[in-house]
Amino acid sequence: MSAHDTAGTPVPAETAAAVDVASADDGDLRGSRLRALVAVATGRRASSLGILVLFLVIFVTFAVTAPAGTFLARSNIEAMALSASQVLLLGAGMTYVLIVAGIDLSVGAMLVFAAVTAAKIVAGYDDAGLLAVVLVAAAAAVAAGMLWGVVNGLLIVRTGIPAFIGTLGTSTVILGLAQVWTGGINVSGVPIRLQEVFGIGKLGGQVPYPVIVTVVIVAVLWVVLAKTRYGMRLYAIGANPEAARRSGINVGGYIVSVYALMGALAGVAAFVDVSRFTTATVSGYTSTALNAITAAAIGGTSFWGGRGSIGGTVIGSLVPATLTSGFVVVGFQPFWQNVAVGSVLVLAVSLDQARRRRLAGS
């Protein structure tokens, strides 16, 4: 089954559904027709279920085979949650970017720049007036990341440079500027009090604050993507940007907005890292972008745009953390995690490509 865009060109049913949803009025947004169209446009239910089953198989396998009191120990679960939280935070932003058929390879560099920004502001302060300085540092980190995200978006929209090349280039520029700013030396001197209260602190002594921050932000992103007109228009842009443009959607503006969001999330992750480790590292995060992309792709987000969900990315971010922890506790070399995650990533992308071929032939 297919539809036609305004020029008469055949488009797949899911593309037409996405565009219809994006241009629906407020009454339609509340109707059952919207929910049906969203399910068709994203295909998220089937993909999320598949990755959830895979995650449960991995988790149960390690829970059964690991020595008693290791894999399911509270300390290990907490470590996995902390490990997955940063990947999830950035993976959620990457999901938005991939849905509009983009990609951002500058995430790690933006994180470094934002971390340096925050550390430079807060370094050297004692408890007196620390809260105000910390709030300024957090806001500055988010603003720095967002600014670079806007630069990425404008570069891609205004010049037509492929996102892969554009963000690869800005990644080098951003990281270089951070190294010039610091002289290539890590920024230390962040108050230990910040680490004690927030970085390694726990709500009620139970749940780490960095995990709570991630859960709250990702929950908001989940609702925005799945339940608002903004989210539906992102799907429409990724499915068929020309059809979306002819439907009156400001395609360029929406693309810039998702790159700005990606930068802002890199800023949040940067501040969390500075809080946890009391240092801004200028030579790390080389695999940050790849980890974020992997989490989104394993979760079912398409590299070709128009399809994906935050729910899938949540599970996609848990898979690497679970594999790493599981291999350690059962006595395998942790390097096998790279083999396993790479294999799952190739499988996920292959299945997405097969699905695209089926749709093209339908």
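## A tour starting from helix 6

Helix 6 and helix 13 cross in a right-handed sense, meaning that the near helix is turned clockwise from the far one by less than a right angle. Before you select them, two notes on the model. It is predicted, so local features need pLDDT of at least 70 and side-chain atom pairs count only at pLDDT 80 or more, while totals for chains, interfaces and linings use all residues. Residues are numbered from 1 along each chain as its sequence is written, and side-chain values use heavy atoms, with hydrogens and water left out.

**Stop 1: the whole protein.** Show the cartoon and you will find 16 helices and 4 strands; these are DSSP runs numbered from the N terminus, with helices being H or I of at least four residues and strands E of at least two. Of the 362 residues, 50% are buried, where buried means under 20% relative accessible area, exposed over 50% and partly exposed in between, with a 1.4 Å probe and protein chains only. Contacts (heavy atoms within 4.5 Å) between residues at least 6 apart in sequence join residues at least 24 apart in 75% of cases.

**Stop 2: helix 6 against helix 13.** Select 107-122 for helix 6 and 251-277 for helix 13: their axes come within 8 Å and cross at roughly 50°. Helix 6 is therefore oblique to helix 13. Axes here are lines fitted to C-alpha atoms, for helices over the stretch in contact, and angles run from 0 to 180 degrees between N-to-C directions. Angles under 35 degrees count as roughly parallel, over 145 as roughly antiparallel, 65 to 115 as roughly perpendicular and the rest as oblique. Now show side chains: on helix 6, Val-107, Met-110, Leu-111 and Ala-114 are among the residues that meet helix 13, whose own partners include Met-262, Gly-263, Ala-266 and Phe-271. The residues of this contact are 13 nonpolar, 2 polar and 1 charged. In this scheme Ala, Val, Leu, Ile, Met, Phe, Trp, Tyr, Cys and Pro are nonpolar, Asp, Glu, Lys and Arg are charged, and the others, Gly among them, are polar.

**Stop 3: helix 6 against helix 8.** Keep helix 6 and add 163-182, which is helix 8; the two axes come within 8 Å and cross at roughly 25°. Helix 6 and helix 8 are therefore roughly parallel to each other, and their crossing is left-handed. Look for Phe-113, Val-116 and Lys-120 among the helix 6 residues in this contact, and for Ile-174, Leu-175 and Trp-181 among those of helix 8.

**Stop 4: Ser-106.** Step back to the loop between helix 5 (74-99) and helix 6, where Ser-106 lies. Is Ser-106 buried or exposed? Its relative accessible area is 0%, so Ser-106 is buried. Leaving aside neighbours within four places in sequence, Ser-106 is in contact with Asn-152, Thr-167, Thr-170, Ser-171 and Ile-174.

**Stop 5: the cores.** Select Leu-90, Met-94, Leu-234, Ile-237 and Phe-271, which have the most contacts inside the largest nonpolar core, a set of 72 residues. A nonpolar core is a set of buried Ala, Val, Leu, Ile, Met, Phe, Trp, Tyr and Cys residues joined through side-chain atoms within 4.5 Å. Helix 13 gives the most to the 72-residue core, with 14 residues. Phe-62, Ala-66, Phe-327 and Ala-340 are included in a second, separate core of 16 residues.

**Stop 6: Gln-206.** Finish in the loop between strand 3 (202-203) and strand 4 (207-208), which holds Gln-206. Gln-206 is partly exposed, at 42% relative accessible area. The C-alpha atoms of Gln-206 and Glu-78 are separated by 9.3 Å, although the two are 128 residues apart along the chain.
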